[in-house]
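Please load the model in a viewer and keep the sequence panel open beside it. The tour proceeds by selections, each followed by a description of what is found there.

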Amino acid sequence: MILILTAPDDVHADAAEVELGRRGVHWARFDPADVPSRASLSVTIRDGRLTRTLVRHADPGRTVDLDAVTAVWFRRPGIPVAPAHLGEPHAGFVVEESRQFVGDVWETLDVPALPAARPVVLRAQQKVRQLQLALRLGFDVPATAVGNDPGAVLDLFDHTAGRMITKQVGLTSLRDELMRFTEPVTHRDVGHVDGVRHCPLIAQERVPKRVELRVTVVGDRVFTAAIDSQRSNHARHDWRRQDDRNTPLSRYDLPTDVAARCVALTRALGLRYSALDLIVTPDDRYVYLEINPSGQYLWVEEETGLPITAAVVDLLTTPTPIPGATT
């Protein structure tokens, strides 16, 4: 049985479930945010045997025997939510205790995980470590400064002759309205560089773009889409601002050596799945930007027809462990 840990509105899981059903594979879907308000999770030991059981409060007659799990997909698992009647500090205590317990239970599932076990995924999200490994593997990496030192940012601004962008260090923001897109830095911005002291950021050389690439690695398979971001003023500096009409996607033939490097970086981080962002420059250099251990892919599949969902299901149903993360 495949265990899919994700939110109820996850369209990626919806697509995978259709494919799993087509193949006759049993699966269970669960959002850890349901513990303890809408579900019970228990671990018992009897006669030298450890048993793990999941019960949804809305359907108490249907239990999920976690001992039957053969692979687990950490898609978009939520954080446990306290019962509505609890106020602080009790709600905070319940959430933290539940989060610790739920994470502990997943770690006892001695089965392959996609993209990897949660501690490995959390470590793989560290941007500076990603950059370090990308350099070791021979990727072309832009001139970069990370941290909260205004001097380092100013030095990079001078080094790049003012062609510099900034972006946030983390993958997401705790509040959507505070999420920062990639932005070019102007001379006016530099006048406020002292503000860098108050929060770390990533500053990088602004690399000229012919197209941008979204590279999805599933096991040892590589699926690449070109994003024609330079056709859109909105998406020019950050393709996440794309609109379908002005930012078309298409299949892209990635050179063999670059594809191998993408797989190598994924494996070096201890992952079995990743989504990488690369730039192809006007002079045909392939420049690494970042790697996301749980990056979205369905939008690429729907636009290009690349069979990524099928590859994910292949990996979940014929799981092969990979070596641990490189230090």
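Select Asp-284 first, in the loop between strand S15 (273-280) and S16. In this predicted model, the phi of Asp-284 is near 65 degrees, a positive value in a residue other than glycine. For context, most residues other than glycine have a negative phi. Is Asp-284 buried, partly exposed or exposed? Its relative accessibility is 48%, so Asp-284 counts as partly exposed, given that the exposed class begins over 50%.

**Strand S16 and Glu-290**

Proceed to strand S16, residues 286-292, and select Glu-290 within that strand. Display side chains here: those of Glu-290 and Lys-127 are joined by a polar contact of 3.4 Å. Which residues touch Glu-290 once neighbours within four places in sequence are left aside? They are Lys-127, Gln-130, Lys-167, Ala-275, Leu-276 and Asp-277.

**Helix H5 and its surroundings**

Next, select helix H5, residues 150-159, and colour Pro-150, Val-153, Leu-156 and Phe-157, which are buried. These four residues lie on the same side of H5, because they cover an arc of only 125 degrees around the axis. The general background is that an α-helix has 3.6 residues a turn, so residues three or four places apart point the same way. Rotate to the other side of H5, where Asp-155, Asp-158 and His-159 are exposed.

What covers the buried residues of H5? The cover includes strand S8 (144-147), strand S9 (164-167), helix H6 (187-190) and strand S11 (201-205); adding these elements to the selection shows the surroundings of the buried face.

Now inspect the two ends of the helix. At the N-terminal end, H5 is capped by Asp-149, with a side-chain oxygen 2.9 Å from the backbone nitrogen of Gly-151. Just after H5 comes Ala-161, which has a positive phi of about 55 degrees. Ala-161 belongs to the loop between H5 and S9, and its relative accessibility of 67% places Ala-161 in the exposed class.

**Helices H1 and H9**

Select helix H1 (residues 11-22) together with helix H9 (residues 308-317). Two packed helices are described by the angle between their axes and the distance between the axes. For H1 and H9, the angle is about 65 degrees and the axes are 9 Å apart. The crossing of this pair is right-handed. On the H1 side, the residues to display are Ala-15, Ala-16, Glu-19 and Leu-20, which meet Thr-309, Ala-310, Val-313 and Thr-317 of H9. Classified by residue type, this contact comprises five nonpolar, two polar and one charged residues.

**Asp-10, ahead of H1**

Move to Asp-10, in the loop between strand S1 (2-5) and H1. The relative accessible area of Asp-10 is 5%, so Asp-10 is buried, the cut-off for that class being under 20%. Which residues does Asp-10 contact beyond four places in sequence? Select Arg-29, Arg-75 and Arg-76 to display these partners.

**Leu-50 in strand S4**

Continue to Leu-50, within strand S4 (residues 49-56). Leu-50 has 36% relative accessibility and therefore counts as partly exposed. Not counting residues up to four places away in sequence, Leu-50 touches Val-43, Thr-44, Ile-45 and Asp-67. A distance monitor from Leu-50 to Thr-108, C-alpha to C-alpha, gives 9.7 Å, for a pair that is 58 residues apart in sequence.

**Two cis peptide bonds**

Most peptide bonds are trans. Where are cis bonds found in this model? One runs from Glu-88 to Pro-89, with omega near 5 degrees; Pro-89 sits in the loop between strand S6 (71-74) and helix H2 (90-108). Another joins Leu-114 and Pro-115, with omega about 0 degrees. Pro-115 is placed in the loop between strand S7 (113-114) and helix H3 (118-124).

**The whole chain**

Finally, clear the selection and display the full chain, which has nine helices and 16 strands. Of its 327 residues, 45% are buried. Among contacts with a separation of 6 or more, 67% come from residues 24 or more positions apart.

Technical notes: Residues numbered from 1 in each chain as written. Predicted model: local features only at pLDDT ≥ 70, side-chain atom pairs only at ≥ 80, totals over all residues. Heavy atoms only, no water. Axes fitted to C-alpha atoms, helices over the stretch in contact; angles between N-to-C directions. Left-handed = near helix turned anticlockwise from the far one by under 90°. Contact = heavy atoms within 4.5 Å. Nonpolar A, V, L, I, M, F, W, Y, C, P; charged D, E, K, R; others polar. Buried < 20%, exposed > 50% of the residue type's maximum accessible area, 1.4 Å probe, protein only. Arc of directions from axis to C-beta. Polar contact = N/O pair within 3.5 Å; in protein donor to acceptor, adjacent residues only side chain to side chain.
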